[in-house]
Protein chains: 4
Amino acid sequence: VFRYPRQVQFAETDLAGIVHFSNYFRYMEEAEHALWRATGCSIESAGSESGWPRVAAAFEYKRPLKFEDQFEVRVSIVSATSRTIKYGFTIVCGDVEIGSGAMTSVHAQKFPDGSLRAVPIPQGVVDRLRAAVSGT
Amino acid sequence: VFRYPRQVQFAETDLAGIVHFSNYFRYMEEAEHALWRATGCSIESAGSESGWPRVAAAFEYKRPLKFEDQFEVRVSIVSATSRTIKYGFTIVCGDVEIGSGAMTSVHAQKFPDGSLRAVPIPQGVVDRLRAAVSGT
Amino acid sequence: VFRYPRQVQFAETDLAGIVHFSNYFRYMEEAEHALWRATGCSIESAGSESGWPRVAAAFEYKRPLKFEDQFEVRVSIVSATSRTIKYGFTIVCGDVEIGSGAMTSVHAQKFPDGSLRAVPIPQGVVDRLRAAVSGT
Amino acid sequence: VFRYPRQVQFAETDLAGIVHFSNYFRYMEEAEHALWRATGCSIESAGSESGWPRVAAAFEYKRPLKFEDQFEVRVSIVSATSRTIKYGFTIVCGDVEIGSGAMTSVHAQKFPDGSLRAVPIPQGVVDRLRAAVSGT
């Protein structure tokens with residue numbers, strides 16, 4: 001499991017006094033990108049015409065997070081196909097499980113006609129992500 | 001189906017040139033709150049100690065939205081229990097389906113000891129939401 | 001004065017129960033872009049390599065905005081040079097002045113070497129913005 | 001000067017490929033709150049009915065920030081009155097100055113009638129902030 005530590009910022013809370021539910025999707029993405037950096041790559045290769053748009057994203061909420069809470073996003077690789085990666089996430093704050101979720105991304109390329117189409121994931125990428133997840 | 005019209009704002013896009021995937025959860029919430037207002041209520045009763053934290057939220061992405069796109073969020077009531085409501089959402093832009101999702105909220109009350117616990121949904125609330133969904 | 005009507009959304013509030021101060025900058029930008037559309041143009045010409053990065057932005061806060069408040073952003077053109085436009089903004093909610101601010105943008109072009117440099121504003125743009133501000 | 005290190009996250013960028021200008025206000029706030037924590041306090045005392053709403057906020061932009069840039073927010077105390085504190089900020093990325101800004105906050109209390117009024121800053125607060133700024 002790859003671990004991404006984070007603290008709740010003021011702007012991430014809402015009038016109910018807890019983190020707005022949409023921000024958990026940003027926390028998951030931050031952890032995903034930190035995992036990529038742990039493999040020595042950036043998910044965004046400068047000048048590249050390919051990217052990783054989302055196919056699906058979901059989160060189940062168990063306990064709220066509050067301002068200045070220190071929490072951890074734990075990332076795993078749930079599955080992968082030739083063109084997609086599905087990540088799993090658990091968010092914990094101390095001993096408390098805050099919730100868990102998943103996101104599936106597709107490797108897509110922008111073609112000269114402006115269209116965005118799924119393309120194969122370069123060899124080795126999924127292996128390196130799996131190694132970074134196991135090694136920590 | 002209840003319809004909530006919206007236009008993509010600049011700050012909602014990311015460096016890939018499309019709406020950031022986390023913002024679809026804000027679009028769904030905006031549509032949910034507009035549905036509540038259509039019943040003559042606000043989801044947040046001023047001074048009330050009860051609220052509607054999320055239990056689950058999910059979205060599946062089919063096509064991207066871009067800056068200034070005019071789109072529509074269509075809301076339905078998928079199911080309800082004594083304490084929870086599950087909303088369904090489809091986002092369309094012209095004839096194109098952008099994606100669809102769901103959110104489940106629980107009616108919760110803040111008790112004097114600071115704890116937040118599920119409490120029954122006041123009578124009539126779900127009927128009024130269903131009527132607002134059917135009537136439009 | 002150009003008027004942009006808006007309602008406060010839940011995700012824009014923070015734990016203090018009011019709109020987070022950073023969101024006023026998004027409200028000003030939304031109003032600026034609505035002003036551009038009122039001239040028949042978009043501030044972002046598709047495929048164009050030019051844009052309008054900010055040089056300066058400021059806001060003074062008088063009264064808070066709360067969830068579901070209906071407010072109005074009033075836009076004026078404070079001044080313009082050959083490469084910059086300074087917009088003025090006042091936000092009001094009913095009879096109450098919420099605050100006022102200003103933003104200066106520069107017309108910039110992305111050059112093949114990746115650099116971003118100020119370039120002259122195309123003729124007529126400032127006149128059309130001024131007309132849209134006066135005509136409403 | 002108090003230093004707050006930070007990295008640009010994907011969701012903070014916009015379609016121009018750079019950090020959206022409104023996010024600099026969130027960066028300044030994050031640094032302000034980190035400064036408070038460095039004094040051993042939180043800017044939000046749990047259960048307290050007082051807070052620090054903004055009176056004014058401004059930023060001048062010199063160079064853009066991009067995805068994954070590592071930058072630093074440098075905080076200083078510009079001035080203080082019996083009820084307000086004005087913070088100054090400079091954001092740098094390596095040797096490059098990204099921009100600078102300021103924010104003024106007022107110490108306010110929520111009264112039983114719902115009104116929010118300025119109240120004196122508790123003794124020692126400004127001294128502790130000044131010490132944290134000098135000591136680092």
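These are my notes on how chain D sits against chain B, and chain B against chain A, in a predicted model.

**Entry 1: chains D and B, symmetry.** I looked up the operation that carries chain D onto chain B. A rotation of 180° does it, with 0.0 Å of shift along the axis and an RMSD of 0.0 Å. The two copies are therefore related as by a two-fold rotation axis. I then asked which residue of chain D comes closest to the rotation axis. That is Asp14(D), whose C-alpha lies at 1.9 Å. Both copies use the same surface, since 100% of the contact residues of chain D recur in chain B.

**Entry 2: chains D and B, contact.** I noted nine residues of chain D in contact with nine residues of chain B. The area buried between chain D and chain B is about 810 Å². Carbon and sulfur atoms give 74% of that area. I looked for salt bridges between chain D and chain B and the count is zero. For polar contacts between chain D and chain B, I have four residue pairs, both residues at pLDDT 80 or more. On the side of chain D that touches chain B, I list five nonpolar residues, three polar and one charged.

**Entry 3: chains B and A.** I repeated the symmetry lookup here. A turn of 180° with a shift of 0.0 Å along the axis lays chain B on chain A, at an RMSD of 0.0 Å. In chain B, Ala58(B) has the C-alpha nearest this axis, 2.0 Å from it. I also checked the interface residues: 100% of those of chain B are interface residues in chain A too, so the copies meet through the same surface.

Technical notes. Residues numbered from 1 in each chain as written. Chains lettered and ligands numbered in written order. Predicted model: local features only at pLDDT ≥ 70, side-chain atom pairs only at ≥ 80, totals over all residues. Heavy atoms only, no water. Least-squares fit on C-alpha atoms with pLDDT ≥ 70 in both. Contact = heavy atoms within 4.5 Å. Buried area = accessible area lost by both parts, 1.4 Å probe. Salt bridge = Lys/Arg side-chain N within 4 Å of Asp/Glu carboxyl O. Polar contact = N/O pair within 3.5 Å; in protein donor to acceptor, adjacent residues only side chain to side chain. Nonpolar A, V, L, I, M, F, W, Y, C, P; charged D, E, K, R; others polar.
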